[in-house]
Amino acid sequence: MKMKTKLILLITAILLLNGCGKQFCPGFPDEYADYLPYTDGQKIVFANKNNDTVAFQIYDFYQSEYNEISMCDMCECGLPMLAFHATPITRELFFEEISIEIELINPKLLKSYVRFKYDETKLSPDDCFGETNSIESATDTIIVNKSNPTRISKVLIIKGKGLASFYDITTNSEWKLIEK
């Protein structure tokens, strides 16, 4: 009986070890990286029709890279992603943070998520919304709309510029990127 148990354990170990391997995880393609052309520490400034300005500093910029993971770790590849967070340099609009993530769902679809986090003392809930865009029919522009906005109703992302504008319903104005 001991020999039979050892044989079963040996066969089980061989099967488990052979089941382990490497899984290739694709990174976010460089051809779409221009939708968020930022680097950590970069400043972006927006102005409205009254020439009021608000400035943000980029931090935690991330572009997922191509890699391999062990299938024995029970991990799965996440979707290829491009993302950043930005904190305000000026606090006029009571934003605490902006974050945008773009995920490649498949070779034909991008999913964009936008989050505007507000100063907690202003009792305004955060705006967090997303939209799926077809790559085939898309131009170099991603428009993300929110149907029932708390504050931000529309975000425009342009390839080569990044976050190009957002519409704030509390100030009734579109904030456009000031290009250098």
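**Stop 1: Asn51**

Select Asn51: at 65% relative accessibility it counts as exposed, because the cut-off for that class is over 50%. Keep in mind that this is a predicted model. Asn51 is found in the loop between β2 and β3, the latter being residues 53-63. Check its backbone next. Phi of Asn51 is near 65°, a positive value in a residue other than glycine. Most residues other than glycine have a negative phi. The setting is a hairpin of β2 and β3, with five residues between the strands.

**Stop 2: the whole chain**

Zoom out and colour by secondary structure. The protein has one helix and twelve strands. Read along the sequence, the helix comes before the strands, in the pattern α-β-β-β-β-β-β-β-β-β-β-β-β. Of the 180 residues, 36% count as buried. Now take the contacts with a separation of 6 or more: residues 24 or more positions apart account for 50% of them.

**Stop 3: strand β2 and its partners**

Show residues 43-47, which form strand β2. Add β3. The two strands run antiparallel and are joined by five bridges. Then add β12, residues 173-177. Strand β12 also runs antiparallel to β2, with two bridges joining them.

Now pick Phe46. Which residue is its bridge partner in β3? The partner is Val54. Turn to β12, where Leu177 stands opposite Phe46.

**Stop 4: the nonpolar core**

Stay on Phe46 and bring up the residues packed with it. The largest nonpolar core has 32 residues. Phe46 is among those with the most contacts inside this core, along with Ile100, Phe116, Val155 and Phe166. Which strand gives the most to this core? Strand β6, residues 95-106, does so with five residues. In soluble globular proteins, nonpolar side chains tend to be buried together.

Centre on Val155 and show its surroundings. Leave aside neighbours within four places in sequence. Val155 is then in contact with Val114, Phe116, Phe129, Ile142, Ile143, Val144, Leu163, Ser165 and Phe166. Two of these, Phe116 and Phe166, are listed with Val155 among the core residues with the most contacts.

**Stop 5: the largest pocket**

Switch on a surface. Rolling a probe the size of a water molecule over the atoms shows where empty space is left. About 170 Å³ of space lies in the largest pocket. Select its lining: Pro37, Tyr38, Gln42, Lys43, Ile44, Val45, Gly160, Lys161, Leu177, Ile178, Glu179 and Lys180. Colour these residues by class. Six are nonpolar, two polar and four charged. Strand β2 gives the most to this lining, with three residues. Leu177, met earlier opposite Phe46, is also one of the lining residues.

**Stop 6: Asn172**

Step back along the sequence to Asn172, in the loop between β11 (162-168) and β12. Is Asn172 exposed or partly exposed? Its relative accessible area is 46%, so it is partly exposed, falling between the 20% and 50% cut-offs. Phi of Asn172 is near 50°, again positive in a residue other than glycine.

**Stop 7: Lys108**

Finish at Lys108, in the loop between β6 and β7 (109-118). Lys108 counts as partly exposed, at 44% relative accessibility. Add Asn133 and draw a distance between the C-alpha atoms. Lys108 and Asn133 are 25 residues apart in sequence, and 8.5 Å apart in space.

Note on methods. Residues numbered from 1 in each chain as written. Predicted model: local features only at pLDDT ≥ 70, side-chain atom pairs only at ≥ 80, totals over all residues. Heavy atoms only, no water. 1 Å grid on protein atoms, 1.4 Å probe; cavity = no way out; pocket = protein on both sides within 12 Å on 5 of 7 lines; lining within 4 Å. Points joined across faces, edges and corners; volume = space filled by probe spheres on them. Helix = DSSP H or I, 4+ residues; strand = E, 2+ residues; numbered from the N terminus. Nonpolar A, V, L, I, M, F, W, Y, C, P; charged D, E, K, R; others polar. Core = buried A, V, L, I, M, F, W, Y, C linked by side-chain atoms within 4.5 Å. Buried < 20%, exposed > 50% of the residue type's maximum accessible area, 1.4 Å probe, protein only. Contact = heavy atoms within 4.5 Å. Pairing = 2+ DSSP bridges.
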